Amino acid sequence: MAGMIGAGLLSGHVLPVFGSVAREEQVRADGAAPERGAPVRAADLAAHSLLGMATALEVAHGGAMLCGGMAPCQEVTGLAGMVHEAWHFPGMILSVPGGDLPGGGAPGSAPHGTDTAPALNAVATGVDMEQVSPDRPDVLGEMLRKAVRDGDVKPAQVQAMVTHILASFYMAGSLDHPPPFAAARTGVQPPPVDTLVGDVEAEGAVLLQNENHVLPFDPALGPVLVLVHPAMRGPADLLAEGLRHAGLNVTVVTAPEGAGATGTLPPACAQAARTLVLSASDDDNRMITTLAELGGHVAVVLTADDPDRQMPWLDAVDSVVQGWAWRDEYAQALSALLSGQQDFSGHLPVTLTGGLYPPGMVDANYRAFERAHVVPLFPFGYGLSARGRLVLSELHVAREGNHLNASFTLSNPGTAALRAVPQLYVETPPDLPGNPRRLAAWRSVMVAPGHPVRLSVPIGLRLVGQWNATGGNWAVAAGDYTLSLGFSSVMLVRHATLHLPALHVPATLENQPAPVVTAE
């Protein structure tokens with residue numbers, strides 16, 4: 001996903017920087033996370049954080065890499081060798097502001113004066129550039145200049161760093177085609193209206209549940225009551241305005257703080273046949289439960305990015321939408337979804353746990369749930385349509401060089417065009433150590449009713465390999481590998497097994513083959 005976002009930025013000559021904040025590879029079996037500054041080899045991150053960044057750089061066909069999220073840069077040994085020698089990536093490695101200082105360069109840290117050790121550590125790690133910040137010490141500034149004057153860093157090393165920096169900008173075309181930010185700053189002309197935020201909400205909002213087909217709201221079924229807390233009244237009014245433009249009769253009411261017990265809800269709730277609740281936190285759970293007990297149809301829009309949001313009222317309400325962090329700009333997009341002017345097509349990029357983790361785990365990603373054989377509240381990749389359903393069939397998998405090619409058919413038995421997000425997951429042979437089922441590929445495609453689509457998707461074999469530090473490549477063990485196809489990490493409906501011989505897959509980044517879509 002990051003690689004596709006990066007490709008969009010690169011098309012506008014904006015340089016994307018890919019970083020990592022995931023540290024699931026450092027979580028021990030007992031569920032405890034070690035100290036963030038603990039030394040870690042790049043080889044130990046090869047199948048986790050670094051694999052993600054390699055994939056993003058490969059899909060985007062360019063960019064830069066940020067270290068510091070997975071661990072402080074100076075604590076990752078062998079990073080430059082991995083990136084430049086094994087991957088053959090010509091671009092730069094950045095560190096976060098102060099990321100190479102002891103303690104992470106906390107704001108207000110004392111300047112280092114004549115101490116060049118942080119700069120030497122950064123250069124030894126492979127850092128080419130440091131993100132700057134006014135309240136953090138500068139590592140690759142005066143410290144680096146002093147290290148060069150003292151002869152501790154050779155001019156050839158500085159030249160290599162400059163080459164990596166320029167390579168990233170050349171890949172983006174930023175030097176030949178600088179983005180036109182100056183006009184927006186000078187105020188000579190007003191910047192164009194940016195519809196990206198609304199598009200992200202419209203295509204990213206996820207329909208989690210839709211009992212009794214309450215969504216989209218039908219104007220013929222009467223008025224809709226929107227229930228919010230005072231802090232959300234402004235966005236709720238904007239949402240109501242959009243719903244009214246779609247022909248709905250909408251009233252907005254404000255719930256008092258602490259509403260939840262019987263008799264504390266606004267009187268209009270008792271008469272409402274359909275109520276829409278905008279909810280930002282678990283503090284609303286009692287209010288939603290009481291509202292559902294009144295007997296009307298209830299739809300809940302979750303307006304915060306909390307994967308651990310509890311939903312004790314789930315069986316009592318009709319519809320649930322994950323709307324993500326609420327912004328006023330989302331009102332028009334959300335009203336289009338709720339009124340049926342646009343269909344829901346988003347799928348979860350995280351696991352919604354309901355606050356229940358697998359035993360002994362501190363991370364709640366889909367692989368942790370798979371490893372523990374626990375089904376989460378809503379799994380990674382999950383998402384419904386309000387207009388129909390899709391059918392997956394005829395999965396075939398073949399090896400083509402260092403890739404697998406998975407082909408399958410998507411059919412739409414309904415009457416309206418639907419956006420499909422089929423997902424392929426791969427499992428290593430059961431007798432081999434390694435990761436549990438993991439996402440190998442996914443695509444987004446529109447499917448018209450009555451017109452099946454045949455989709456062909458490439459899968460890199462490094463996803464099923466183990467990093468071979470000696471050879472600088474990926475070792476794929478011989479065995480039977482299973483590819484599973486579905487619409488989430490647990491809703492897998494088609495499976496295919498392919499026997500692979502022992503292989504060594506180069507680590508060199510390459511342009512991934514494009515997916516092929518054909519109409520049948």
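1. Starting with the overall picture: of the 520 residues in the protein, 48% are buried. Keep in mind that this is a predicted model. The chain carries 14 helices and 25 strands. Its accessible surface comes to about 23800 Å², and carbon and sulfur atoms account for 57% of that. Among contacts with a separation of 6 or more, 72% are between residues 24 or more positions apart.

2. The sheet I'd look at is an open one of six strands, ordered β7-β12-β11-β10-β8-β9, and its pairing is mixed. At the edges sit β7 (206-210) and β9 (250-254), each pairing on one side only. On average, neighbouring strands here are turned by 20° against each other, direction ignored.

3. Staying with that edge, β8 (residues 224-228) pairs with β9 in the parallel sense, over five bridges. If you want a register check, Val 226 has Val 252 in β9 as its bridge partner. Helix α12 (residues 285-293) lies across β8, β10 (274-279) and β11 (297-302), and runs at about 175° to β10.

4. Further along the chain, strand β24 (residues 503-506) is a nice one to click through. Leu 503 and Val 505 point to one face and are buried, while His 504 and Pro 506 point to the other and are not. That fits the usual pattern: in a regular strand the side chains alternate between the two faces of the sheet. β24 runs antiparallel to β21 (residues 473-476), with four bridges joining the two. One of the bridge pairs brings Val 476 together with Leu 503 in β24.

5. Now the charged pairs. The count comes to 10 salt bridges. In one of them, the side chains of Arg 462 and Glu 58 meet at 3.1 Å, N to O. This pair links distant parts of the chain, 404 residues apart: Arg 462 is in the loop between β19 (453-460) and β20 (466-468), and Glu 58 is in helix α3 (residues 49-60). Buried or exposed, what is Arg 462? With a relative accessible area of 10%, Arg 462 is buried, and Glu 58 is buried too, at 4%.

6. Another bridge is local. Asp 237 and Arg 233 have their closest N and O atoms 3.0 Å apart, and both lie in helix α10 (residues 233-245), four residues apart, about one turn of the helix. Asp 237 counts as partly exposed because its relative accessibility is 34%; Arg 233, at 30%, is also partly exposed.

7. Arg 454 and Glu 394 form a salt bridge as well, at 3.5 Å between the closest N and O atoms. Arg 454 is in strand β19 and Glu 394 in strand β13 (residues 391-400), so the pair links parts of the chain 60 residues apart. Arg 454 counts as buried at 17% relative accessibility, whereas Glu 394 is partly exposed, with a relative accessible area of 46%. Elsewhere, salt bridges that share partners join Glu 142, Arg 145 and Arg 149 into one network.

8. On the surface, Val 162, Leu 166, Tyr 170 and Leu 175 form a nonpolar patch, with about 350 Å² of accessible area together. Val 162 lies in helix α7 (residues 155-172) and counts as partly exposed, at 35% relative accessibility.

9. Finally, a loop residue. Where is Tyr 357 found? Tyr 357 is in the loop between α13 (330-338) and α14 (366-372), and is partly exposed at 35% relative accessibility. The C-alpha atoms of Tyr 357 and Phe 369 are separated by 7.9 Å, with the two residues 12 apart along the chain.

Methods. Residues numbered from 1 in each chain as written. Predicted model: local features only at pLDDT ≥ 70, side-chain atom pairs only at ≥ 80, totals over all residues. Heavy atoms only, no water. Patch = residues over 30% accessible without salt bridge, like charges linked within 9 Å, V, L, I, M, F, W, Y side chains within 5 Å. Areas by Shrake-Rupley, 256 points an atom, 1.4 Å probe, with all protein chains shown as cover. Salt bridge = Lys/Arg side-chain N within 4 Å of Asp/Glu carboxyl O. Buried < 20%, exposed > 50% of the residue type's maximum accessible area, 1.4 Å probe, protein only. Pairing = 2+ DSSP bridges. Axes fitted to C-alpha atoms, helices over the stretch in contact; angles between N-to-C directions. Contact = heavy atoms within 4.5 Å.
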